[in-house]
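Here's a quick look at how two chains sit against each other, plus a few backbone oddities. Have the viewer open while you read.

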Amino acid sequence: MFVNCSRTIRHKTQLSSLLQRYQSTLVIAEHNNEALSTITQNALTAARQIGGDITVLVAGTKCGPVAEAVSKANGVAKVLVAENDAFKGFVPEAITPLILATQKQFNFSHILAGATAFGKALLPRVAAKLDVSPVSDIIGIKSPDTFVRTIYAGNAIQTVKAKDGVKVVSIRGTSFEATPLEGGSAKLEPAPAGDYKSNLVEFVSQELTKSDRPALASAKTVISGGRGLKSGENFQLLYTLADKMNAAVGASRAAVDAGFVPNDLQVGQTGKIVAPDLYVAVGISGAIQHLAGMKDSKTIVAINKDPEAPIFQVADYGLVADLFKAVPELTEKV
Amino acid sequence: MARVLVGVKRVIDYAVKIRVKPDKSGVVTDGVKHAMNPFDEIAIEEAVRMKEKKLASEIIAVSCGPAQAQETIRTALAMGADRGIHVEVAGPEYDTLQPIHVSKILAKLAQDEKIDIVIVGKQAIDDDANQTAQMTAAVLDWPAGTFCSKVEHGSGELTITREVDGGLEVIKVKTPAVLSADLRLNEPRYATLPNIMKAKKKPIKKVSPKDLGVDTAPRIEIVSVEDPPVRQAGSILPDVDALVAKLKEGGHI
């Protein structure tokens, strides 16, 4: 009986390693028709953790440079290229049928993208069309069907097992290292052809915040301001400090709602999730919703005049001080 | 004029510090303050404003959940929705109810009620999934205007400003369409006492997913729910010089 039992276990192990070998992942590349977004490199790392073949789909109005770049990433077996005016503005209504056609041809076990505005808008539409339940914003992979994610603004960690045949998963960029774009030489192939133009939606325009500072989601240092800054003009204090430290600037919801800075700087449950090496919270009380977006930062510094502010409970270093004095002094001394 | 369906979810109040159950099966919800998901308040507000501008003829608020979901529907009615639909899902069935199920329910109701615009919040603050609008649109084969911060009504189309990563983006979608409300879409109103009283008289229809032909079999198994790692307590520094020293020590400057 013991022998039988161990044989069953061995058999199961073999079966699971066999299954492991047959994983095949489609990573949807995110780009702006010029350069690949870093989040795709994070997604590639997640795909490598799942195991099996990795295919990257590059769709856009101009794909050449992006497809070339991603084909050099280690572990990528194939890059499918779909260059078409239909993908102007990367509208999910046009990209979804492309992904469905690609899935039909190659039968992937996993479809992955970054949990960005692009990935969040696209993947659930794809999942619904495949009649599978998607898994959002994962922070870890336990096995090809078991994923870790946060719920309740990061206040609980949920482990889920996806039972559907195809796993449609968005990944949190800050939880996976970026796969460097070197060491690989994937083949470029055309993606399945089709008429992907959607008459349901038309991309009109984009108004992007221009900045020379590093991108918020991937910066090594982030300096964020809250209601304590009192005005948009006063954010200049943070910009000056950020420029000196080569940091990105973020904000709390209070600062965005008060009109101090644009929406896309918001860090938190409903804004961006960041996990830089250093996060400096200036004039931010530290509401649950803000902590959700930054509490995985390696080192947290808080500058606040209220010693009772909840931000001090997560800060490695706290400075109870008037930010209007402390920030200029810090700028001078760093 | 458009017929509008708004999805509202009853969630633990945003200000509550949640507790994970000792058996790691989920979070404690019994006896905990619940409220309408904040993004859904914004969705209802947008629908009510449409009605006030004579762009909408009727607003139906729908919620999927246990008996208490009716309170959430009442709140929506007090804010200005005309009638409610309570899709009763309780117990273990509710524990594993996912956006895939809700989107099929919303899609079926949208068809049955001849809806032109479905509005939901961009995400529920409990499961943080951010999927329902996108999936409902997919089931219906309608366009989705996700993360809306502004919606302008044209004839047979909507011009939508969306909050995207680098800033804002404008798209035009044909109606019928599904929208998801972002924080900046509007400032939801408070329900006044007279309106709360009036809302008590507004009808709420009760149906089950089965009545709508939607299978709620779980697609995802919750293996465990645990506390996040706790950060070690830090220290309060006396002055900027001490902070600069710590930053140097950490290699940050």
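H9(A) and H7(B) cross in a right-handed sense. This is a predicted model, by the way. The two axes, from helix H9 (residues 323-333) of chain A and helix H7 (residues 240-249) of chain B, come within 10 Å and cross at roughly 45°. An angle like that makes H9(A) oblique to H7(B). On the chain A side, the residues doing the touching are A:Ala326, A:Glu329, A:Leu330 and A:Lys333, and they meet B:Val240, B:Asp241, B:Leu243, B:Val244 and B:Leu247 on the chain B side. By residue type, that contact comes out as six nonpolar, no polar and three charged.

Two of those charged residues pair up: B:Asp241 forms a salt bridge with A:Lys333, with 2.8 Å between the closest N and O atoms. Between chain A and chain B the count is seven salt bridges.

Now zoom out to the whole interface. Chain A puts 81 residues into the contact and chain B puts in 74 residues. Together they bury about 6,500 Å², and 54% of that lies on carbon and sulfur atoms. Which three residues supply more of chain A's buried area than any other three? They are A:Tyr152, A:Leu200 and A:Tyr317, which supply 10% of the area that chain A buries against chain B.

A:Tyr152 is worth a second look for its backbone too. Its phi is near 50°, a positive value in a residue other than glycine. You'll find A:Tyr152 in the loop between strand E6 (146-151) and strand E7 (156-162) of chain A. Chain B has its own quirk: the peptide bond from B:Thr175 to B:Pro176 is cis, with omega near 5°. B:Pro176 lies in the loop between strand E9 (167-174) and strand E10 (177-181) of chain B. For context, most residues other than glycine have a negative phi, and most peptide bonds are trans.

There's also a helix pair within chain B. H4(B) and H5(B) make a right-handed crossing. Among the residues in their contact are B:Ile100, B:Val102 and B:Leu106 of H4(B) and B:Met135, B:Val139 and B:Leu140 of H5(B). The residues of this contact divide into nine nonpolar, four polar and one charged.

Here are the axis values for the two pairs:

| Helix pair | Axes come within | Crossing angle |
|---|---|---|
| H9(A) (323-333) and H7(B) (240-249) | 10 Å | roughly 45° |
| H4(B) (99-112) and H5(B) (132-140) | 8 Å | roughly 50° |

The angle in the second row makes H4(B) oblique to H5(B).

Methods:
Residues are numbered from 1 along each chain as its sequence is written. Chains are lettered from A and ligands numbered from 1 in the order in which they are written. This is a predicted model: local features need pLDDT of at least 70, side-chain atom pairs count only at pLDDT 80 or more; totals for chains, interfaces and linings use all residues. Side-chain values use heavy atoms; hydrogens and water are left out. Axes are lines fitted to C-alpha atoms, for helices over the stretch in contact, and angles run from 0 to 180 degrees between N-to-C directions. Helices (H or I, at least four residues) and strands (E, at least two) are DSSP runs, numbered from the N terminus. Angles under 35 degrees count as roughly parallel, over 145 as roughly antiparallel, 65 to 115 as roughly perpendicular and the rest as oblique. A crossing is left-handed if the near helix is turned anticlockwise from the far one by less than a right angle, and right-handed if clockwise. Contact means heavy atoms within 4.5 Å. Ala, Val, Leu, Ile, Met, Phe, Trp, Tyr, Cys and Pro count as nonpolar, Asp, Glu, Lys and Arg as charged, and the others, Gly among them, as polar. Buried area is the accessible area (1.4 Å probe) that two parts lose on being put together, summed over both. A salt bridge is a side-chain nitrogen of Lys or Arg within 4 Å of a carboxyl oxygen of Asp or Glu.
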